[in-house]
Amino acid sequence: MIREIVKYPDPILQKPAEPVTEFNDELRSLVDDMFESMYAAQGIGLAAPQIGLSKRLTVIDLSFKKNPEEKIVLINPEIIHKEGKQSEEEGCLSLPEIREKVSRAFKVRVRAQNANGEWFELDGEELLSRAMQHEIDHLDGILFIFRVSGLKRDLLLRKIRKMQKNGEW
């Protein structure tokens with residue numbers, strides 16, 4: 001089932017999400033819905049708060065459906081190691097048409113649970129590293145526009161307000 005993507009400034013996007021404690025068929029169904037919703041919105045990552053749910057759950061697929069083995073589910077993730085630096089343009093399904101360069105770690109190691117509740121660790125570099133950091137930020141109530149300079153953020157927020165006023169948001 002395709003779920004509606006929540007847009008900024010919805011308050012759920014700026015609150016830390018609740019840990020997932022039940023690993024059952026309902027959760028696995030939610031994971032499927034999240035992949036379906038992400039693909040429908042043309043994204044490569046989606047966090048539960050982006051569909052209005054305060055759960056520490058995110059899905060990522062850099063291959064965008066081309067390789068099912070690249071589908072990643074991170075439940076209750078935490079970054080346990082960061083290395084290097086990269087600065088690349090990012091976008092966000094909750095901030096359509098907004099793109100900006102963001103500095104992030106080049107390489108990360110994440111510890112998370114899968115849909116069965118089993119813990120695992122995953123390393124990511126470049127785009128995967130950026131995607132994991134971006135999605136975990138969502139779970140912490142942080143949007144990428146809060147990772148840019150104050151001046152750029154003010155300009156972006158002004159652009160969003162103008163789009164809202166014109167009924168384009």
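**View 1. Strands β2 and β3 pair in the antiparallel sense.** In this predicted model, strand β2, made of residues 57-60, lies alongside strand β3, made of residues 72-83, and the two are joined over 4 bridges. One residue pair to look for in this view is Ile-60 and its bridge partner in β3, Ile-72.

**View 2. Strand β3 also pairs with strand β6, again in the antiparallel sense.** Here the partner strand, β6, covers residues 107-113, and the pairing with β3 runs over 6 bridges. To find a bridge within this pairing, the reader can start from Lys-82, whose bridge partner in β6 is Val-108.

**View 3. Helix α3 spans the length expected from its number of residues.** The helix runs over residues 150-165, and because each residue should add 1.5 Å, its 16 residues should span 22 Å, which agrees with the 22 Å that separates its end C-alpha atoms. Just after α3, Gly-167 takes a positive phi of about 70 degrees.

**View 4. Helix α3 has a buried side and exposed residues on the other side.** Which residues of α3 are buried? They are Leu-156, Leu-157, Ile-160 and Met-163. Because these residues cover an arc of only 120 degrees around the axis, they are placed on the same side of α3. Among the elements that cover these buried residues is β5, which comprises residues 95-104. On the other side of the helix, by contrast, Leu-151, Arg-158, Lys-162 and Lys-165 are exposed.

Key: Residues are numbered from 1 along each chain as its sequence is written. This is a predicted model: local features need pLDDT of at least 70, side-chain atom pairs count only at pLDDT 80 or more; totals for chains, interfaces and linings use all residues. Side-chain values use heavy atoms; hydrogens and water are left out. The expected span of a helix is 1.5 Å times one less than its number of residues. Buried means under 20% relative accessible area, exposed over 50%, partly exposed in between (1.4 Å probe, protein chains only). The arc is that of the directions from the helix axis to the C-beta atoms. Contact means heavy atoms within 4.5 Å. Two strands pair if DSSP finds at least two bridges between them.
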